[in-house]
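Reader: I would like to learn how to read the strands in a structure, and then the surroundings of a bound molecule. Could we go through one example slowly?

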Amino acid sequence: MGLNKKSVDDINVKGQKVLVRCDFNVPLKDGKITDENRLVAALPTIKKLINDGGKIILCSHLGKPKGEPKPELSLAPVAARLSELLGQEVKFAADPEVVGPNAKAAVEAMKDGDVILLENTRYRAEETKNGEAFSKELASLADVFVNDAFGTAHRAHCSNVGVTEYVKTSVVGYLMQKEIDFLGNAVENPVRPFVAILGGAKVADKLNVISNLLEKCDTLIIGGGMAYTFLKAKGLEVGTSLVDDEKINYCKEMMAKAEKLGKTMLLPVDTTIAASFPDPIDAPIEVSVVSSDAIPADRMGLDIGTETAKLYADAVKSAKTVVWNGPMGVFENPILAKGTIAVAKSLAETDATTIIGGGDSAAAVNQLGFGDKMSHISTGGGASLEFLEGKELPGVAAANDK
Ligand code: ATP
């Protein structure tokens, strides 16, 4: 398929001011960055622009400051860590207005090849409303705009969409390109067999993803909490498991759709059950494994069972493309993480192209140490899901066409 958008390779920014929207929305604990994947993923674009001799003005949001300065959500720690990763100073343009006197002065003082980072764009209430004034202020800093924030691409905000209306040139960065290439090729042009694995808590969160992927894949595997609504739709007793009664008909439709299209849909054949949801979530818990048609009325399904883990791993073995989004069980609890681990392991061992759709599944894969065994781990959970739904991402659409 390929992305029909101009990229940083199509422009020369020598001596120009370049505003780069990155996704530096990293987890912080006591002012320390606990997962820097998103920073590392942003480096190729930044380095390219430095080598070109541009004046690089980075911006991003961090968390949800709700439109006002919140010191604990300042991007200052990101500037410090980025300086180390780049081996060059990333000056932090502290400014409660994001584009206020301090930021403007910092931009004025820049030389070719310099890098600065603006304050958290969500310190401004207009940001998430895609307001005109803040979009113009951001655009006034730069000659060229580069969007490399895949994690925000499913939202239309000032710093990734509004700003493009007021700069002449808007292109995408390498990370954005890579994300769209991997996800786009997997869905539109997969090497077959193409196996899609969906898990996570609720069917309702992934309605359109299920429907769209059924059309594209050869086998759709369902695990996690959402599996029980499907099992109930098949007429099985699911005890006290998570069920969305309003979506039972939808699940029936999807099973009928799979049959009509000649697609394989795999549901758990056995399930790991307990008396109740673990509290706290990682507390020791007594479990047993039963066939999916023998879940007692007073028991709750909290992970796929051992036979199911084997069945799913086998389906992955013969695949050439695998896309995975959402855990197979309550993976936060070691006793209920076995299904998720088995699936992660089967992806780590296959030669197929393996793509992890961000969020919990990405965290699980990284935690298990399988990160470098995957072809691609998306930096955007929500954005990758909307992409898998077949939606156009506003952050991508706003860039100039080739
Ligand atoms: P991703 O982040 O990869 O996109 P997700 O965040 O969409 O996945 P969610 O829908 O948020 O996935 O679901 C993840 C949560 O689902 C986990 O916290 C997990 O504990 C929970 N979960 C998984 N299986 C079950 C189950 N059988 N019963 C209840 N909760 C479950």
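Reader: Let me begin with one residue: which residue of S14 does Thr-271 stand opposite?

Author: Please keep in mind that this is a predicted model. Thr-271 stands opposite Ile-304 in S14, and this belongs to an antiparallel pairing in which S12 and S14 are joined over four bridges.

Reader: Which residue does Asp-270 stand opposite in S13?

Author: Asp-270 faces Ser-291 in S13, and here too the sense is antiparallel, with four bridges between S12 and strand S13, which covers residues 288-291.

Reader: How should I think about the two faces of a strand?

Author: The general idea is that side chains in a regular strand alternate between the two faces of the sheet. In the case of S12, one side carries Asp-270, Thr-272 and Ala-274 while the other carries Thr-271 and Ile-273, and all of these are buried, with both faces covered. Counted along the strand, residues 270-274, that makes five of five residues buried.

Reader: Turning to the ligand, how many residues surround it, and which are the closest?

Author: The ligand is surrounded by 21 residues, and the closest are Gly-200, Ala-201, Gly-225, Gly-359 and Asp-360. Sorted by class, this shell holds 12 polar, five nonpolar and four charged residues.

Reader: Which element gives the most to that shell?

Author: H11 gives the most, with three residues. This helix, spanning 359-367, and strand S14, spanning 300-304, each supply at least two residues of the shell, and S14 is the strand that we met above as an antiparallel partner of S12.

Key: Residues numbered from 1 in each chain as written. Predicted model: local features only at pLDDT ≥ 70, side-chain atom pairs only at ≥ 80, totals over all residues. Near = placed C-beta within 6 Å. Nonpolar A, V, L, I, M, F, W, Y, C, P; charged D, E, K, R; others polar. Buried ≥ 20, exposed ≤ 12 C-beta atoms within 10 Å, placed from the backbone. Pairing = 2+ DSSP bridges.
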